[in-house]
Amino acid sequence: MKTSLNPDERGYYGSFGGAFIPEMMQANVAELQEKYLDIIGTQEFKDEFDVLLRDYVGRPSPLYLATRLSEKYETNVYLKREDLNHTGAHKINNSLGQIILAKKLGKKRIIAETGAGQHGVATATACALMGLECTVFMGELDVKRQAPNVGRMKMLGAQVVPVSSGSKTLKDATNEAMRYWIANPFDTHYIIGSVVGPHPYPDMVAKFQSVISEEIRKQLKEKTGSELPDVVIACVGGGSNATGAFYHFLEEEKVRLIAAEAAGKGLESGFTAAATFKGVSGILHGSKTLFMQTDDGQVVEPHSISAGLDYPGIGPALAHWFETGRVEYQAITDEDAMQSGLELCKLEGIIPAVESSHALAVLDKTKFGEDEHVVVNLSGRGDKDLETYLKYL
């Protein structure tokens, strides 16, 4: 099966994707399907987006050769420093892109879901910048474990709505946001934070996050003489940072792409979020993808120490890349991630998000050549996770 970078006209990547939505949501999604490519393809849109990424976000984010980490793992480890973006993660790339799109569609109100809180903060930030009303849905469990980000969202003027259904995490926040959008279709735009949901969201978010791999190519060329690394590693929940890091390398077959999934307490523990290892094909949040489910198709509650990876499935593009074998998936436990996050603190003076620590853990589980160039996408910083780290210590 050929690996697809972009979806077909129905929003499918191979056998995954599409738009499986209730009739009441059809008008919302159809408007985006009909207009998003025309709008984001204009020079006016590109110019506005590029200026904000440069002058507001602080892009390009650095590509840093981590010398002590490289010495330990006997290879050349580069960190793509998305943690240095304004708001502290890669999420701001997508939030700004979608909010420009929403304004051009005439929307006055923005809603979003969030798990770790980084997407919620990024969306609240973009709304404050653009003067739009913002409501963020967040599971009650995540509200407690990501309290600093809840405070940031409120300071930025957003209303944070705790969700008490289900596991009270990201899946349930997404459900609640979709219900709200159905009830408020005309003046509201839903900024989905990952490459999940009905078409065109997976493609739209991928395009906004592709700036990550676009920059890696240019920066690596300056540092090594070659645009192509040997390996790119990124963590995967829904998959937005991984998709952004892989995007411009997907068709370069010599580049090895590794996605780190959250194995939680272990693949056989019953407390995991590793969708490619434990999931099967089905319909989740508006698209056909891989997710953990019971024999009768009910969602199995995921578990990860990282709120941003605490999701039962992966985006349809990533499911397709798994199916074709283009992306290699590794299962990283909570313990693996915490150890690797603390190692980065001590070796490089960088406190990573617990999500990003899952990607770092791949270094300890995989042997790379001493002449290879290995890029790890450091998707976010660890300010929000200090309580988690301290409790672990």
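A residue counts as buried when its relative accessible area is under 20%. That cut-off is useful to keep in mind while looking at this structure, which is a predicted model.

**Strand 5 and its partner**

Let us start inside. Strand 5 covers residues 109-114, and 6 of its 6 residues are buried, so the strand is largely enclosed by the rest of the structure. In a regular strand the side chains alternate between the two faces of the sheet. Strand 5 can be read in this way: R109, I111 and E113 point to one side, while I110, A112 and T114 point to the other. Both sets are buried, charged residues R109 and E113 included.

Which strand pairs with strand 5, and in which sense? The partner is strand 6 (residues 133-139), and the pairing is parallel over 6 bridges. If you would like a spot to begin tracing that pairing, I110 has C134 of strand 6 as its bridge partner.

**Helix 9**

Helix 9 is another enclosed element. It runs over residues 201-209, and 8 of these 9 residues are buried, so the helix is largely enclosed by the rest of the structure. The buried set is Y201, P202, D203, M204, V205, A206, F208 and Q209.

**A loop serine**

Is S379 buried or exposed? With a relative accessible area of 4%, S379 falls under the 20% cut-off and is therefore buried. S379 sits in the loop that links strand 14 (373-378) to helix 16 (386-392). Leaving aside residues up to four places away in sequence, S379 touches E82, D83, G88, A89, H90, C235, N241 and S356.

**The whole protein**

Stepping back, the protein holds 16 helices and 14 strands. Its radius of gyration is 19 Å, close to the 21 Å given by the globule rule for 393 residues, so the protein is as compact as a globular protein of that length. Some further values for the protein follow.

| Property | Value |
|---|---|
| Span of the C-alpha trace along the principal axes | about 55 × 50 × 45 Å |
| Accessible surface | about 14900 Å² |
| Distance between the mean positions of positive and negative charges | 3 Å |

Carbon and sulfur atoms account for 51% of the accessible surface. The charge distance in the table rests on 40 positive and 52 negative charges. Of the 393 residues, 61% are buried. Contacts also reach along the chain: among those between residues at least 6 apart in sequence, 74% join residues at least 24 apart.

Notes. Residues numbered from 1 in each chain as written. Predicted model: local features only at pLDDT ≥ 70, side-chain atom pairs only at ≥ 80, totals over all residues. Heavy atoms only, no water. Helix = DSSP H or I, 4+ residues; strand = E, 2+ residues; numbered from the N terminus. Rg over C-alpha atoms; globule rule 2.2 N^0.38 Å. Buried < 20%, exposed > 50% of the residue type's maximum accessible area, 1.4 Å probe, protein only. Contact = heavy atoms within 4.5 Å. Areas by Shrake-Rupley, 256 points an atom, 1.4 Å probe, with all protein chains shown as cover. Charge placed at Lys NZ, Arg CZ, Asp CG, Glu CD. Pairing = 2+ DSSP bridges.
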